[in-house]
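Colleague: I am new to reading protein models, and I would like to learn how to go from a picture to careful statements about it. Could we take one structure and work through its features in turn?

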Amino acid sequence: MLLLVLAPKAWHRLSHLKPPALVWTPGGKAGHVRCRLLSRQGPGDTGRQSRPQGPGLGTRLLITALFGAGLGGAWLAARAEKEQRRQQQRTEALRQAAVGQGDFSLLDHQGQARCKADFRGQWVLMYFGFTHCPDICPDELEKLVQVVRKLEAEPGLPPVQPVFITVDPERDTVAAMARYVQDFHPRLLGLTGSAEQVAQVSRSYRVYYSAGPKDEDQDYIVDHSIAIYLLSPDGLFTDYYSRARSAEQIADSVRRHMAAFRSVLH
Amino acid sequence: MAAPSMKERQACWGARDEYWKCLDENTEDASQCKKLRSSFESSCPQQWIKYFDKRRDYLKFKEKFEAGQFQPSKPTVKS
């Protein structure tokens, strides 16, 4: 396609070069000789082949093709180099994001300190909620662990770590998280921390939360965004799933991400 | 106050569903469902009851809205 576009232009340029070439070759008399030849030939004469015409059609085509191929090749090489540079920059940006972005410092439900780097090499499904949540969080967590069970049952797939992060640090202590997560999945990891640590991780993942008014039992509901996040083994945010997605749909999506995954880290 | 356990949650949801079913069957007449209401109230934290009551209102509204039966109230004319 490229050659087709370039060839006419290249030929146009070549044809500009032709007249001086004609003048030089037959010792400066080319113009004159040519006129005489023309006058001798009859009007019906089609003997074009006998006239000095410069390079023949085959040669012209060859030059055009070579010239076009050269230009095309150079253009392709430049484009490939540019694409490679762009890819390198992108990989570098992803690498930095993999390490820095969405990092957190929290405690798991056994009291161990956890940060994002601890999950490197694992696929992570992450949900934000609170243990006093009336219906949505338990439903979503149940869905999340269903996805994990589905994927666990398929041989050859890498393991997925289910993670639950609280947005209610005031009530969701390490012990409260331990009590809560055991009902869902043996590997579900509950993460909590100070008000600041929870605010920081929620900001990183663009999770909104706001505690409602307390009643006489000091009980309250925390309004918060509902989404399940998928992190790749590089620790990069890879996808998110709203409440409307079923466990089967999420499992399909995770499988696709696993199949397409190429690490950007060394 | 500790959060309800999985068992307690399920008991609460069960009592809520029974009560809601009664309301469905009695065209939202709560006086017909007093027994189930008190069972619902004793099975769930108070905060959840408030939440589920609001949630039912919302779900009913949504149902009506999606069925195309919802008529927005006419704007009040300013005198």
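Modeller: What follows goes from a strand, to an interface, to salt bridges and then to backbone angles. Please keep in mind throughout that this is a predicted model.

Colleague: Let me begin with strand 4 of chain A. How many of its residues are buried?

Modeller: The general idea is to look at the relative accessible area of each residue, where a value under 20% counts as buried. In strand 4 of chain A, which spans residues 160-166, 7 of the 7 residues are buried, so by this cut-off the strand is mostly covered.

Colleague: A strand has two faces, and I would like to treat them separately. Which residues lie on each side of strand 4 of chain A?

Modeller: On one side are Val160(A), Pro162(A), Phe164(A) and Thr166(A), and on the other are Gln161(A), Val163(A) and Ile165(A); both faces are covered, with all of these residues buried. To follow the path that leads into this strand, start at strand 3 of chain A, go through helix 4 (residues 136-152) and arrive at strand 4, a β-α-β crossover that is right-handed.

Colleague: Which strands of chain A are joined to strand 4 by bridges?

Modeller: Strand 3 (residues 123-129) is joined to strand 4 by 7 bridges, and the two run parallel; in this pairing Thr166(A) is the bridge partner of Gly129(A). Strand 5 (residues 189-192) also runs parallel to strand 4, to which it is joined by 3 bridges, and here Phe164(A) has Gly190(A) as its bridge partner. Between strand 4 and strand 5 the chain passes through helix 5 (residues 174-181) of chain A, and this β-α-β crossover, too, is right-handed.

Colleague: Now I would like to turn to the place where the two chains meet. How many residues of chain A are in contact with chain B?

Modeller: It helps to begin with the contacts and then to ask about the area. Here 21 residues of chain A are in contact with 16 residues of chain B, and the two chains bury about 1500 Å² between them, with 52% of that on carbon and sulfur atoms. On the chain A side, the residues that lose the most area to chain B are His132(A), Pro134(A) and Asp135(A), which together make up 31% of what that side buries.

Colleague: What polar links does one find across this interface?

Modeller: Across the interface of chain A and chain B there are 8 residue pairs in polar contact, and there is 1 salt bridge. That salt bridge is formed by Asp135(A) and Arg55(B), whose closest N and O atoms are 3.5 Å apart. As for the elements involved, helix 4 and helix 5 of chain A each supply at least two residues of the side that touches chain B, and the largest share, 4 residues, comes from helix 4.

Colleague: Inside a single chain, how should I read a salt bridge? Are Arg114(A) and Asp108(A), for instance, buried or exposed?

Modeller: A careful reading takes the distance together with the accessibility of each partner. Arg114(A) and Asp108(A) form a salt bridge in which the closest N and O atoms are 3.0 Å apart; Arg114(A) is partly exposed at 23% relative accessibility, whereas Asp108(A) is buried at 0%. Over all chains, the count of salt bridges comes to 22.

Colleague: Which parts of chain B does the salt bridge between Glu28(B) and Lys60(B) tie together?

Modeller: The side chains of Glu28(B) and Lys60(B) meet at 4.0 Å, N to O. Because Glu28(B) lies in the loop between helix 1 (6-25) and helix 2 (34-43) while Lys60(B) lies in helix 3 of chain B, the pair ties together parts that are 32 residues apart in sequence. Lys60(B) is partly exposed, with a relative accessible area of 27%. Shared partners also join Asp24(B), Glu28(B), Arg56(B), Lys60(B) and Glu63(B) into one network of salt bridges.

Colleague: Finally, what is there to notice about the phi of Glu28(B)?

Modeller: The general idea is that most residues other than glycine have a negative phi. Glu28(B), however, has a phi near 65 degrees, which is positive although the residue is not glycine, and the residue is partly exposed at 39% relative accessible area. Gln218(A) likewise has a positive phi, near 65 degrees, and is found in the loop between strand 6 (209-211) and strand 7 (222-224) of chain A.

How values were computed: Residues are numbered from 1 along each chain as its sequence is written. Chains are lettered from A and ligands numbered from 1 in the order in which they are written. This is a predicted model: local features need pLDDT of at least 70, side-chain atom pairs count only at pLDDT 80 or more; totals for chains, interfaces and linings use all residues. Side-chain values use heavy atoms; hydrogens and water are left out. Buried means under 20% relative accessible area, exposed over 50%, partly exposed in between (1.4 Å probe, protein chains only). Two strands pair if DSSP finds at least two bridges between them. A crossover is right-handed if, with the strands pointing away from the viewer, the path from the first strand over the helix to the second runs clockwise. Contact means heavy atoms within 4.5 Å. Buried area is the accessible area (1.4 Å probe) that two parts lose on being put together, summed over both. A polar contact is a pair of N or O atoms within 3.5 Å; within protein, one must be able to donate a hydrogen and the other to accept it, and residues adjacent in sequence count only if both atoms are side-chain atoms.
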